[in-house]
Amino acid sequence: MTFVMVGGRLSLDFVATLTERRHEPVEQLLEPRDLSTWAGEVALVDEDLDVSPDELAEARALREAMHRVVLARTAEGQLRAADIAALNRAARHAPVALQLAWSGGLRRRGDVRQVLASIVRDVLELLDSDQLARVRECDREECTRLYVDASRTRNRRWCDMAECGNRAKVAAFRRRQHGWDERTGPLWTGPPVPLTAIRGREEPLRRSEVVPDP
Ligand SMILES: [Zn+2]
């Protein structure tokens, strides 16, 4: 498995082929064959796709339109007529064809246009579903992956605990090590401060009383 699939929807996993959008975007669909690999890994098609550079560019543009529309419907962002038109255009094509094999399994066949149609149909269904209210962006600020929070308590914070959850925790730990606590601000690192005038006591305030330890 080359690609991370944590979105809970085909379309969100496709949108997640570009991450860290607000910082230095990380593109995973670098070459035409990457789109073919992705379609194989999500089991959209059984055979390799023949992808031209133009089709890759089209797929990326469609992906960004999908991202903007989902953001506009769930968080911040403006709904653009051009993005809606792009989604509707792609959705007009037939999706990947499913065929029942004699052996009992399914065969999935299609070209790039059909693959994109299948992905766009998924995002259109998401936009019209109750799941839309559960779409979240990963809490690790740099990540920017979107996912459907299917947790019972609706408090999932990260797209992927192993990747972003742990990285966020390590980053928070490092900030605390360097005298910064994300909840309380700078930690006191100087000598103990006598606050008898304030507290009316003789002994210096212990560090743990200056700011609560996390
Ligand atoms: Zn993440």
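How far apart should the ends of H3 be if its 22 residues each add 1.5 Å, and what do its end C-alpha atoms show? In this predicted model, the 22 residues of H3 should span 32 Å at 1.5 Å a residue, and the end C-alpha atoms are 32 Å apart, which agrees. This helix, which runs over residues 53–74, serves here as the starting point for a walk through part of the structure.

It helps to set the scene before going further. The secondary structure of the protein chain comes to eight helices and eight strands, and of its 214 residues, 25% count as buried. Among contacts between residues at least 6 apart in sequence, 51% join residues at least 24 apart.

Within H3, the buried residues are Ala59, Leu62, Arg63, Ala65, Met66, His67, Val69 and Val70. Several of these names return in the contacts of H3 with two other helices, H4 and H5.

Consider H4 to begin with, which covers residues 81–91 and packs with H3 at an angle of about 120°, the two axes being 9 Å apart. Because angles of 65 to 115 degrees count as roughly perpendicular and those over 145 as roughly antiparallel, this angle makes H3 oblique to H4. The crossing of the two helices is left-handed. On the side of H3 the contact is made by Leu62, Ala65, Met66, Arg68 and Val69, while H4 brings Asp83, Ile84, Ala86, Leu87 and Ala90. These residues divide into eight nonpolar, no polar and two charged.

The packing of H3 with H5 has an angle of about 0°, with the axes 11 Å apart, and H3 and H5 are therefore roughly parallel to each other. Here H3 makes the contact through Glu55, Ala59, Leu62, Met66, Val69, Val70 and Arg73, and H5 through Val112, Leu116, Val120, Val123 and Leu127. The residues of this contact divide into 10 nonpolar, no polar and two charged.

A single residue of H5 can complete the picture. Leucine 124 has its place in this helix, which spans residues 112–127. Is leucine 124 buried or partly exposed? A residue needs 20 or more other C-beta atoms within 10 Å to be buried, and leucine 124, with 17 C-beta neighbours inside 10 Å, therefore counts as partly exposed. Leaving aside neighbours within four places in sequence, leucine 124 is in contact with Leu87 and Ala91. Its C-alpha atom is separated by 9.1 Å from that of methionine 66, although the two residues are 58 residues apart along the chain.

Notes:
Residues are numbered from 1 along each chain as its sequence is written. This is a predicted model: local features need pLDDT of at least 70, side-chain atom pairs count only at pLDDT 80 or more; totals for chains, interfaces and linings use all residues. Axes are lines fitted to C-alpha atoms, for helices over the stretch in contact, and angles run from 0 to 180 degrees between N-to-C directions. Helices (H or I, at least four residues) and strands (E, at least two) are DSSP runs, numbered from the N terminus. Angles under 35 degrees count as roughly parallel, over 145 as roughly antiparallel, 65 to 115 as roughly perpendicular and the rest as oblique. A crossing is left-handed if the near helix is turned anticlockwise from the far one by less than a right angle, and right-handed if clockwise. Two residues are in contact if their C-beta atoms, placed from the backbone, lie within 7 Å. Ala, Val, Leu, Ile, Met, Phe, Trp, Tyr, Cys and Pro count as nonpolar, Asp, Glu, Lys and Arg as charged, and the others, Gly among them, as polar. The expected span of a helix is 1.5 Å times one less than its number of residues. A residue is buried if 20 or more other C-beta atoms lie within 10 Å of its own, exposed if 12 or fewer, and partly exposed in between; C-beta atoms are placed from the backbone.
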